Amino acid sequence: LNSASAFSLSFWVKLPSSSSSLTYFYQSGSDTLNNTISFYQSTYIDFLLGTGSNYAGTRYESNIRDNTWHHLAGVYNGSTLVIYLDGAVPSQTNIGATIPSSTVPTGGNTPHIGSKTDNSAALPGKMDDFSIFNAALTATEVSNIYNSRLYNPTKLIHQYRFENNYNDSKGSLNGTAQGDPTFDSSDKPY
């Protein structure tokens, strides 16, 4: 995402119950929250957008560190942020300033999947099928991904299946490993 007036992120994640550290699922832009797209697990699950000197987001006040696969989606339609967990919208609260209604700047550092853009807050668990869409997914589309792994091909712009590589199976933005990740084909979410 170089800029986005609407977009969605979708992925499967399995966090160990023994982990309590800050865990970033995705971050693009700068390392600060004020010029970034961030999706992470701290005490809560936060999905944030930062534009200039402010950030805003939505928070799901729960912890998914339970050694179980979960599907997460973050959807931004140009004015509203929504987190989906396992195909449904849990109770959420808005945090920060007003959610931006203009294009979200996403320049700066290279986007990172599984850590912050400075390589900190790395994912201690497992991730699969990380997908980036150039539009807001509908509730039905998120449910289709969760229940049947059906992706809207007209909205999908990047997909990382992590099948022994970090290649983008939809676009041409191949990834590079940071740290020491491993592939585990014996433990998949579906």
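Begin by selecting G74 and then look across to strand β8 of this predicted model, where the bridge partner of G74 is I83. Now widen the selection to the whole of strand β7, residues 69-76, which runs antiparallel to β8 and is joined to it by five bridges.

From there, add the other strands, and you will have an open sheet of five in the order β8-β7-β2-β12-β13, with antiparallel pairing. Strands β8 (81-85) and β13 (156-160) stand at the edges, and because each has a single partner strand, one side of each is left without a neighbour in the sheet. As you step from one strand to the next, the twist averages 15°.

Next select helix α1, residues 139-148, which packs on the sheet and touches β2, β7, β8 and β12, while its direction makes about 155° with that of β7.

Now turn to the aromatic rings, of which the structure holds 14 pairs. Select F11 and F25, whose ring centres are 5.2 Å apart and whose planes meet at 45°, so the pair is tilted. F11 lies in strand β2 and F25 in strand β3, so this pair ties together parts that are 14 residues apart in sequence. Are these two residues buried or exposed? Both F11 and F25 are buried.

Keep F11 selected and add F39, with which F11 forms an edge-to-face pair, at 5.5 Å centre to centre and 75° between the planes. F39 lies in strand β4, 28 residues from F11, and F39 is buried, as F11 is. To see the wider setting, select the aromatic cluster that includes F7, F47, Y76 and F130 along with these rings.

Finish at R149, whose charged end sits over the ring of Y190, 3.9 Å from its centre.

How values were computed
Residues numbered from 1 in each chain as written. Predicted model: local features only at pLDDT ≥ 70, side-chain atom pairs only at ≥ 80, totals over all residues. Heavy atoms only, no water. Pairing = 2+ DSSP bridges. Helix = DSSP H or I, 4+ residues; strand = E, 2+ residues; numbered from the N terminus. Axes fitted to C-alpha atoms, helices over the stretch in contact; angles between N-to-C directions. Contact = heavy atoms within 4.5 Å. Phe/Tyr/Trp six-rings, centres within 6.5 Å; stacked < 30°, edge-to-face > 60°. Buried < 20%, exposed > 50% of the residue type's maximum accessible area, 1.4 Å probe, protein only. Lys NZ or Arg CZ within 6 Å of the ring centre and 35° of its normal.
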